[in-house]
Amino acid sequence: MSQSTLEGLHARSVPTAEFGHDALIVCDNVVRIYQTGRIEVQALQGLDLLVDEGEMVAVVGASGSGKSTLLAILSGIDVATAGRVRVGSWDLMTMTGSQRVAYRRSMVGFVWHQAARNLVPFLTGAQNVALPMNLAGMSRRRRRRRVADLLELTGVGHCAGRRPREMSGGEQQRVAVAVGLANAPRVLLADEPTGELDTATSQQVFDALRRANRELGATVVVVTHDPAVSSQVMRTVAIRDGRTSSEVLRRAAPGGEVDGVIAEEYAVMDRAGRVQVPREYREALQLSRRVRLALEAEHVTISPDRPAGHE
Ligand SMILES: Nc1ncnc2c1ncn2[C@@H]1O[C@H](COP(=O)(O)OP(=O)(O)OP(=O)(O)O)[C@@H](O)[C@H]1O
């Protein structure tokens, strides 16, 4: 690295604002440690994640990587051990119990993967959607209209009068999306909402989430194992070992008429500057333990630490 490159870059740099200052959801170096007996499990190990208002983001990762823990924290059910978590103007690390209840009622909606957890079995679809609604100042007629609109939006208007056992699994999950939207939350969180469904039915549930995002403007964070779901959102965030490891961004292919999408994979750099180099890159260049870093005008290179002339 030449000193003049570093000085030149310093002169051009602008001071950075607080991490995620304009994002709707901010997870900054979030740690969650579970203690069971004498064993500690670090479910999240310094996770950074930013989501902008109006985005629809898929979170993917192997079993045990920390996806559900992240969603439990964002939904206000669980509290991180350390780090900073903010959703809108809500600071999830310092909220009181009553603020937490207000947050869960007004700011976020949820869809869980077990249909049974989303719906009350002895209520009809319409009654389930009406149940969590904030009734203050809402006439009975307006409430009925809103319930019907939400069931229409998620494609299950025909389930208004049916109890959950009279609906298919996919219908139950689409009613669950309507329930999640009942209080017009700014954020909708969904944990494996298609986990128990076949591909065609998953698509219908995913379409309901997409309509919530596009037509109601809800910001949607969906945890999924389903590659078909993650390939349909503009941003997929991968979690590995309790940290965000990579992101795939999709954008419409330039040129237009063809309905093509370009997907690009990015590594995620954490706040301490750590980047995970994919295993296939490390193996291809036999990068291990000590590597050379070089700063160039527009990029940084990483090369194997081999004696000169030992190519
Ligand atoms: N209540 C708990 N007590 C102790 N350990 C827990 C608890 N909840 C989760 N863990 C552990 O934390 C880690 C992350 O779990 P988490 O459920 O967030 O992963 P996940 O990515 O959602 O997995 P899956 O895809 O299997 O649902 C795992 O090692 C898990 O065993």
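Mentor: Before we start on this predicted model, one rule: two residues are in contact if their C-beta atoms, placed from the backbone, lie within 7 Å.

Trainee: Okay, then which residues does E40 touch, not counting residues up to four places away in sequence?

Mentor: I33 and Q35. Put that next to the cut-off: the C-beta atoms of those two lie within 7 Å of the one in E40.

Trainee: Why is E40 called exposed?

Mentor: Count its neighbours: there are 10 other C-beta atoms within 10 Å. A residue is exposed if that count is 12 or fewer, so E40 qualifies.

Trainee: Where does E40 sit, and how far is it from R140?

Mentor: E40 belongs to strand β2. R140 is 100 residues away in sequence and 50 Å away in space, C-alpha to C-alpha.

Trainee: How do you know that β1 and β2 pair?

Mentor: Two strands pair if at least two bridges are found between them, and here ten join β1 to β2, so they pair. The two run antiparallel, and R32 has L44 in β2 as its bridge partner.

Trainee: What makes β2 and β5 edge strands?

Mentor: Start with the sheet: four strands in the order β2-β1-β4-β5, open, with antiparallel pairing. β2 and β5 (90–91) each have a single partner strand, so one side of each has no neighbour in the sheet.

Trainee: What about the seven-strand sheet, which order does it have?

Mentor: That open sheet goes β6-β7-β8-β3-β9-β10-β11, with mixed pairing. Its edges are β6 (108–111) and β11 (261–267), each pairing on one side only. On average, neighbouring strands there are turned by 20° against each other, direction ignored.

Trainee: And what packs on that sheet?

Mentor: Helix α7 (residues 169–180), which touches β6 and β7 (187–191). Its direction makes about 170° with that of β6. Angles run from 0 to 180 degrees between N-to-C directions, so the helix and β6 run in nearly opposite directions.

Trainee: How do you know that β3 and β9 pair, and in which sense?

Mentor: Strand β3 (residues 56–60) and strand β9 (residues 235–240) share four bridges; at least two are needed, so they count as paired. The sense is parallel, and V60 has A238 in β9 as its bridge partner.

Trainee: On to the ligand: which residues surround it?

Mentor: Among them are Y34, T36, V41, A43, G61 and the run S63, G64, S65, G66, K67, S68 and T69. β1 (25–36), β2 (39–51) and α2 (67–74) each supply at least two residues of that shell, and the largest share, three residues, comes from α2.

Trainee: How many of the shell residues are nonpolar, polar and charged?

Mentor: Three nonpolar, eight polar and one charged. Gly is classed as polar, so G61, G64 and G66 go into the polar group.

Trainee: Last one: what pLDDT does the chain average, and what share of residues score at least 70?

Mentor: The average is 87, and 93% of the residues score at least 70. For the complex, the predictor gives an ipTM of 0.95 and a pTM of 0.86. Where pLDDT is low, the predicted coordinates should not be read in detail.

Trainee: And how many helices and strands does the chain have?

Mentor: Ten helices and 13 strands. Of the 311 residues, 32% are buried, each with 20 or more other C-beta atoms within 10 Å.

Terms used. Residues are numbered from 1 along each chain as its sequence is written. This is a predicted model: local features need pLDDT of at least 70, side-chain atom pairs count only at pLDDT 80 or more; totals for chains, interfaces and linings use all residues. A residue is near a molecule or strand if its C-beta atom, placed from the backbone, lies within 6 Å of it. pLDDT is the predictor's confidence in each residue, from 0 to 100.
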